[in-house]
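Work through the exercises below with the model open in a viewer. Each solution goes step by step.

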Amino acid sequence: MSIVNAREMLKQATEKGYAVGVFNITNIIQMEAVVEAHEEARAPLIIQTSVTPSKFLGEQVLVAVYRTISASASIPICLHLDHCTDVDYCKKCADFGWTNIMIDASKQPYGENIRQTRDVVNYCHAAGDVSVESELGIVSGVEDQIQVVEDESLLCNPEEALRFVEETGVDFLAPAIGTAHGVYRTKNPRVDFERLGRISVLINGDRVRTPLVVHGGTGLSADYVKRLIAMGGSKFNVSTDLKRTWINAVYEYITAHREEYDPGKLDKHAKNAMKAKVLEWITMLGSAGKAP
Ligand SMILES: [Zn+2]
């Protein structure tokens, strides 16, 4: 039960009005921290990996650790590959044992995005029970956030979103609504809540077909997160916040213990900091106690 794709957990979240956290890890200790926090909170979990760290750690090593940890966990855990722009690598990771794959062809023309997404969907659904996510519109880096929000054509068009999910059969959609990757420069970034609501009504209004994903979770206030969940967001990708927490904890420890040469103590300090940060997110997303 513990090794799962993201389909059932996101369907439940969409129906019941909370969200599942998708937490980015770059090493094995971080993976353990994220899992332990979710075990404590009895929350469903999606572990997020990017392409570069996956290649650096070694895909087989990463999947072996994921499977080992998940096999003894009491909560459902999905392993997600984030923003992969390479169709072949998406397929390769599905074969390695990732259980959710994000093909990101959002920078391609609409028709090409459909073609690549459909290709990955067909492969992953046939290869095993691997779910697939795709993006429509441009989820920017924070440098471009304002420009993207001001230029409507870069955001996700609701009618196009409906057509996109129907034509591709994709399991989850990340529509660009103005959230950005990285750290927002302002406390109140411009996010098009309304647009997410319109997309949600069109796609999931009568029954949950394609749960919606919010990228760029870092730096969104609890109030923003609550509004995004109310508008239909059920999967929140959190990366920068965790990376900063990890690096700051390591820096803090080394600065305070310059003569300490036991790496285990450093690891433990950083792991605890990451766990505490993840628990904050679980509370914000409302996923505590939602593991079956
Ligand atoms: Zn993203």
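**Exercise 1.** Find the sign and size of phi at glycine 232, just after H10.

Solution. This is a predicted model. Go to the residues that follow H10. Glycine 232 takes a positive phi there, about 115°.

**Exercise 2.** Determine which residues of helix H10 are buried, and how they are arranged about its axis.

Solution.
- Step 1. Helix H10 spans residues 222–230. Buried means under 20% relative accessible area. Tyr224, Val225, Leu228 and Ile229 of H10 are buried.
- Step 2. Look down the axis of H10. The buried residues fall within an arc of 135°, so they line one face of the helix.
- Step 3. Turn to the face of H10 that points away from the buried side. Lys226 and Ala230 are exposed there.
- Step 4. Ask what covers the buried residues of H10. The cover includes helices H9 (193–204) and H12 (263–285), together with strands E9 (212–214) and E10 (233–238).

**Exercise 3.** Identify the residues that coordinate the zinc ion, and say which parts of the chain the pair His83 and His181 ties together.

Solution.
- Step 1. List the donor atoms. They are NE2 of His83, NE2 of His181 and ND1 of His215. The distances run from 2.0 to 2.1 Å.
- Step 2. Write the donor spacing along the chain: H-x97-H-x33-H.
- Step 3. Place the pair. Histidine 83 is in strand E3 (residues 77–84) and histidine 181 in strand E8 (residues 180–181), so the pair ties together parts 98 residues apart in sequence.
- Step 4. Check accessibility. Histidine 181 has a relative accessible area of 29%, and is partly exposed.
- Step 5. Check the backbone. Histidine 83 is not a glycine, yet its phi is positive, about 45°.

**Exercise 4.** Describe the largest pocket and the second largest pocket by volume and lining.

Solution.
- Step 1. Take the largest pocket. Its volume is about 250 Å³. It has 16 lining residues, and Gln48, Asp82, His83, His181 and Ser239 lie nearest its centre. E3, E8 and helix H11 (240–256) are the elements that give two or more residues to this lining.
- Step 2. Sort the lining of the largest pocket by character: two nonpolar, twelve polar and two charged.
- Step 3. Take the second largest pocket. Its volume is about 210 Å³. It is lined by 17 residues, and those closest to its centre are Leu136, Gly137, Ser153, Leu155 and Glu160.
- Step 4. Sort the lining of the second largest pocket: seven nonpolar, six polar and four charged.

**Exercise 5.** Is asparagine 113 buried or exposed, and what is it in contact with?

Solution.
- Step 1. Asparagine 113 lies in helix H6 (residues 110–127).
- Step 2. Its relative accessible area is 1%, so asparagine 113 is buried.
- Step 3. Leave aside neighbours within four places in sequence. Asparagine 113 is then in contact with Ala105, Ser106, Gln108, Ser134, Glu135, Leu136 and Phe164.

**Exercise 6.** Classify isoleucine 247 and arginine 42 by accessibility.

Solution.
- Step 1. Isoleucine 247 is found in helix H11. Its relative accessible area is 55%, so isoleucine 247 is exposed.
- Step 2. From C-alpha to C-alpha, isoleucine 247 is 8.0 Å from alanine 270, and the two are 23 residues apart in sequence.
- Step 3. Arginine 42 sits in the loop between helix H2 (28–41) and strand E2 (45–49). At 30% relative accessibility, arginine 42 is partly exposed.
- Step 4. Arginine 42 is not a glycine, but has a positive phi of about 55°.

Notes
Residues are numbered from 1 along each chain as its sequence is written. This is a predicted model: local features need pLDDT of at least 70, side-chain atom pairs count only at pLDDT 80 or more; totals for chains, interfaces and linings use all residues. Side-chain values use heavy atoms; hydrogens and water are left out. Buried means under 20% relative accessible area, exposed over 50%, partly exposed in between (1.4 Å probe, protein chains only). Helices (H or I, at least four residues) and strands (E, at least two) are DSSP runs, numbered from the N terminus. The arc is that of the directions from the helix axis to the C-beta atoms. Contact means heavy atoms within 4.5 Å. Donors are N, O and S atoms within 2.8 Å of the metal (3.2 Å for Na, K and Ca); water is not among the atoms, so sites may look incomplete. On a 1 Å grid over the protein atoms alone, a cavity is a set of points where a 1.4 Å probe fits but cannot get out, and a pocket is an open set with protein on both sides within 12 Å along at least five of seven lines; lining residues have an atom within 4 Å of a point. Grid points are joined across faces, edges and corners, and a volume is the space filled by probe spheres set on the points. Ala, Val, Leu, Ile, Met, Phe, Trp, Tyr, Cys and Pro count as nonpolar, Asp, Glu, Lys and Arg as charged, and the others, Gly among them, as polar.
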